[in-house]
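Thanks for coming, everyone. I have one structure to walk through today. Let me put it on the screen.

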Amino acid sequence: MKVAFCTQDMQHVDAHFGWAKNIAIYEVDPAGYKMVETCQFGGSMFEDGNEDKLVPKLEALSDCAIVYLSAIGASAAARVVAKKIHPVKVEATESITTLLDRLIVTINGNPPPWLRKALSKGEPQTFDFADEEE
């Protein structure tokens, strides 16, 4: 699965979604993670109410399952969730590698339902009816 991080310094999740200069995207699986892309944004990111600034960010997240951020407005959060991307708000001091390490531990343990759903994003749904009682 792909996981995104809103960042100004490329080391920490230190950016509000709408104001982020960068979004770092990692490929994550039970064995580990690797950076696959950095998306950079310019322009008038600090204008409140400028919904147009969100369009390129939403496009950059199109195949991501999770986005970590320090804050997000209600309108942006609704748009992210509508794209079936799970926003995760963290403290601005959290390092990206610490969050990735913690995510791998959670994936390999007992992930919560929202994370199991995120892990299966993009995979075909399968149902094993043999396990059900008749």
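I will go through the strands, the cores, the cysteines, one lysine and two backbone outliers.

First, a caution. This is a predicted model. Please keep that in mind throughout.

Let's start with strand β4. It covers residues 64–69. How many of its residues are buried? The count is 6 of 6, so the strand is mostly covered, given that buried means under 20% relative accessible area.

Now its partners. Strand β1, residues 2–7, runs parallel to β4, and 4 bridges join the two. Strand β5, residues 86–89, also pairs with β4 in the parallel sense, again over 4 bridges. Follow tyrosine 68 across the pairing. Phenylalanine 5 stands opposite tyrosine 68 in β4. In β5, the bridge partner of tyrosine 68 is valine 88. How does the chain get from β4 to β5? It passes through helix α2, residues 74–82, and this β-α-β crossover is right-handed.

Next, packing. The largest nonpolar core has 20 residues. Among those with the most contacts inside this core are Met1, Phe5, Ile66, Tyr68 and Leu103. Which elements each supply at least two of the core residues? They are β1, β2 (22–29), β4, α3 (96–108) and α4 (113–119). Helix α3 gives the largest share, with 6 residues.

Stay with tyrosine 68 for a moment. Leaving out residues up to four places away in sequence, tyrosine 68 touches Val3, Ala4, Phe5, Cys6, Val13, Val88, Val90, Leu99 and Leu103. Apart from the largest core lies another core, of 19 residues. Cys6, Ala15, Leu58 and Val67 are among its members.

On to the cysteines. How many disulfides does the structure hold? The number is 0. Take cysteine 6. The closest cysteine sulfur belongs to cysteine 64, and it sits 9.9 Å from the sulfur of cysteine 6. That is too far for a bond, because a disulfide needs the two sulfur atoms within 2.5 Å. Cysteine 39 is in no disulfide either. For cysteine 39 the nearest cysteine sulfur is again that of cysteine 64, at 7.8 Å. Buried or exposed? Cysteine 6 has 0% relative accessibility, so it counts as buried. Cysteine 39, at 10%, counts as buried too.

Now a lysine. Lysine 57 is placed in helix α1, residues 54–60. Its relative accessible area is 1%, so lysine 57 is buried. What does its side chain reach? The backbone oxygen of alanine 20, at 3.0 Å.

Last, the backbone. Most residues other than glycine have a negative phi. Here are two exceptions. Methionine 10 has a positive phi of about 65° and is not a glycine. Methionine 10 is found in the loop between β1 and β2. With a relative accessible area of 26%, methionine 10 is partly exposed. Lysine 84 is the second case, with a positive phi of about 65°. Where is lysine 84? In the loop between α2 and β5. Its relative accessibility is 66%, so lysine 84 counts as exposed.

To close, two points to take away. Tyrosine 68 belongs to β4, and this residue is listed among those with the most contacts in the largest core. Lysine 57 is buried, whereas lysine 84 is exposed.

That's it from me. I'm happy to take comments.

Methods. Residues numbered from 1 in each chain as written. Predicted model: local features only at pLDDT ≥ 70, side-chain atom pairs only at ≥ 80, totals over all residues. Heavy atoms only, no water. Buried < 20%, exposed > 50% of the residue type's maximum accessible area, 1.4 Å probe, protein only. Polar contact = N/O pair within 3.5 Å; in protein donor to acceptor, adjacent residues only side chain to side chain. Pairing = 2+ DSSP bridges. Right-handed = clockwise from strand over helix to strand, strands pointing away. Core = buried A, V, L, I, M, F, W, Y, C linked by side-chain atoms within 4.5 Å. Contact = heavy atoms within 4.5 Å.
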